[in-house]
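This report describes side-chain contacts in one protein structure. It treats charged pairs and aromatic rings in turn.

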Amino acid sequence: MYHEHPLKILKYSAKNIWLLIFPLIRGVYTYHFDKDWLYSWIKGAWFDIAVLGAILLFGFIRWYFSRIDFTSEELVHRDGVFVRVNTYIPFRNISSATIECPFFMLPFNAVRFRCDTRAGIFKTVDMKLIVGKKAREAIMQRMPDIDEKNKIEGIPQPNSLSVLLFSVFFSSGFSGTVYLATFFFKGGDIAYNIIMRSLNLITEETAKITDKLLLRIPTAAIFIGVFFVGSWFVSFIVNLFRYGMFSIECDKNSMKIAYGIIERKEYRIKNSHINYTDMRQNLIMKVIGAVAVNISCAGYGASKNRLPVLLPVKNEKSLGKNLQVIGVYSGIENNYSAQAAGIGSYLLIPLIVAALIIPSHDWAARLFPRFAELSLFVAVMLEIPAVWFVIVKLVALMTSGIAIYDDKIMVRCSKWTKFHTVVSSRDKIVKLEVEQNLLQALSGRCALSIWFGGEEHKRFKIKAMSVKEARKIAHILGYKVADKVKA
């Protein structure tokens, strides 16, 4: 039997630990060089100290009654004082186990342990503990682990360039904005002043350059551009530290993945519990033949703002056959592809949006001539991603489709600006849907959607499929398409 690490006492007390501020403020306010100062302070703050002592005592009692135990087949966590909660997790059902080593826990020799099964929804963690060295070793002996003697050789290990490219391709201005917003809220006025002073300095210097080059770019536009470039850069730096020192090992039954520079994470994953692998690309990666391989497995990537990465950016041709044991396949052609005649399903909306941006600027400039320059800048900045999106959807039309081989299915499709190549066993499919509107019915085409299992059922949709081919796919997978769907 083991207890959690004593740091858990503070976690149990954390909801009320803020009450420390009252005796501390009183002590600072009344402090003076006097031999009787400590006695006077205790005399005035005795009630606050008593409440704080009760809070810490309650945390200690909860920690003492939080116990970790094992049977021959289960991991058991017993928690609660008056209402006891016993959580039993069979070892055979564990999909993944996670060890997190935040830098502030290292001096205390403590780590976070999490384990997850395929039960539950919305990426909830089945068991979450803070443990010391002895408890960690005892627990991890019973978790999925690779056999060193049967370890698969030739797994392409990510290098620094791979992690760097991954951070470049999968960082976003939106994520950076979230990090900056968090910094604002946590740091208050100090954070606000630092960021605003930096932005003002950058925009002032940029304005001087544009004046010399006779470029008429409004200051507000410069400010917006600098902010989003800075936001992307923040996200890029965060991802570098988050996924740095990436390593992967595996055998036929399990895999071990570790990454992180400041906050190290180690994952143990059971291969048979992987729902699917997902090779992701953006347009640039598509052109140069690079992929980032993700997996869907309960517990992996469940932490906040974490991607379930199996391999950061690698050349698709270099993946090799060694990874097929964990569902990573490359070089397989589509058996059934999207129809070129269904180009409207992919390009109609993107083309309309791209065509309306510049006229919208003209209308805005007539209504608000004072903001004409800013409106032009915004229109140009919006037109670039709109045209990019048109190109992405054109490439998606040319590459989307399905391949069925052995007991596997491969789905190629796109979501927004990302391309996905999803590989899974056929028995992991939980739903198949054929959609058809009036125009598609007249042309004999449809949209085919496939859902794969997991804590969240994920949908992958291929547009402009032939209805005859969709019926064949459904028949092979054991589904029947309604007669109302016209071929």
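Which side chains meet in a salt bridge at 3.9 Å, N to O? In this predicted model, the partners are Asp145 and Lys256.

## Salt bridges from the loop between H4 and H5

Asp145 belongs to the loop between helix H4 (133-140) and helix H5 (160-170), whereas Lys256 is part of strand S9, so their salt bridge ties together parts that are 111 residues apart in sequence. With a relative accessible area of 36%, Asp145 is partly exposed.

The loop between H4 and H5 also holds Lys151, and the partner of Lys151, Glu249, is in strand S8 (residues 247-250); this pair therefore ties together parts that are 98 residues apart in sequence. The closest N and O atoms of Lys151 and Glu249 are 2.8 Å apart. Both side chains count as partly exposed, Lys151 at 22% relative accessibility and Glu249 at 26%.

## A network of charged residues

Glu100, Arg112, Arg114, Glu263 and Lys265 are joined into one network by salt bridges that share partners. Within the structure as a whole, a search finds 16 salt bridges.

One of these is formed by the side chains of Glu263 and Arg112, at 3.7 Å from N to O. Glu263 is located in the loop between strand S9 (254-259) and strand S10 (264-270), and Arg112 in strand S6 (residues 111-117); the pair links distant parts of the chain, 151 residues apart. Glu263 is partly exposed at 27% relative accessibility, and Arg112 is partly exposed at 22%. As a general point, side chains of opposite charge can pair when their charged atoms come close.

## Aromatic pairs and a cluster

The count of aromatic pairs comes to 18. In the pair of Tyr259 and Tyr267, the ring centres are 5.8 Å apart and the planes meet at 35 degrees, so the pair is tilted. Tyr259 is buried, at 0% relative accessibility, and Tyr267 is buried as well, at 1%. These two tyrosines belong to one aromatic cluster, which is formed by Phe166, Phe170, Tyr243, Phe246, Tyr259, Tyr267 and Tyr300.

## A ring pair between strands S11 and S19

How are the rings of Tyr276 and Phe452 arranged? Their centres lie 5.6 Å apart and their planes stand at 50 degrees, so this pair is tilted. Tyr276 is in strand S11 (residues 276-281) and Phe452 in strand S19 (residues 445-452), so the contact ties together parts that are 176 residues apart in sequence.

Are the two residues buried or exposed? Tyr276 counts as buried because its relative accessibility is 7%, under the cut-off of 20%. Phe452 is likewise buried, with a relative accessible area of 0%.

## Charges over rings

Two arginines sit over aromatic rings, namely Arg67 and Arg142. Arg67 lies over the face of Tyr64, at 5.0 Å from the ring centre. For Arg142, the charged end sits over the ring of Phe70, 4.0 Å from the centre of that ring.

Terms used: Residues numbered from 1 in each chain as written. Predicted model: local features only at pLDDT ≥ 70, side-chain atom pairs only at ≥ 80, totals over all residues. Heavy atoms only, no water. Phe/Tyr/Trp six-rings, centres within 6.5 Å; stacked < 30°, edge-to-face > 60°. Buried < 20%, exposed > 50% of the residue type's maximum accessible area, 1.4 Å probe, protein only. Helix = DSSP H or I, 4+ residues; strand = E, 2+ residues; numbered from the N terminus. Lys NZ or Arg CZ within 6 Å of the ring centre and 35° of its normal. Salt bridge = Lys/Arg side-chain N within 4 Å of Asp/Glu carboxyl O.
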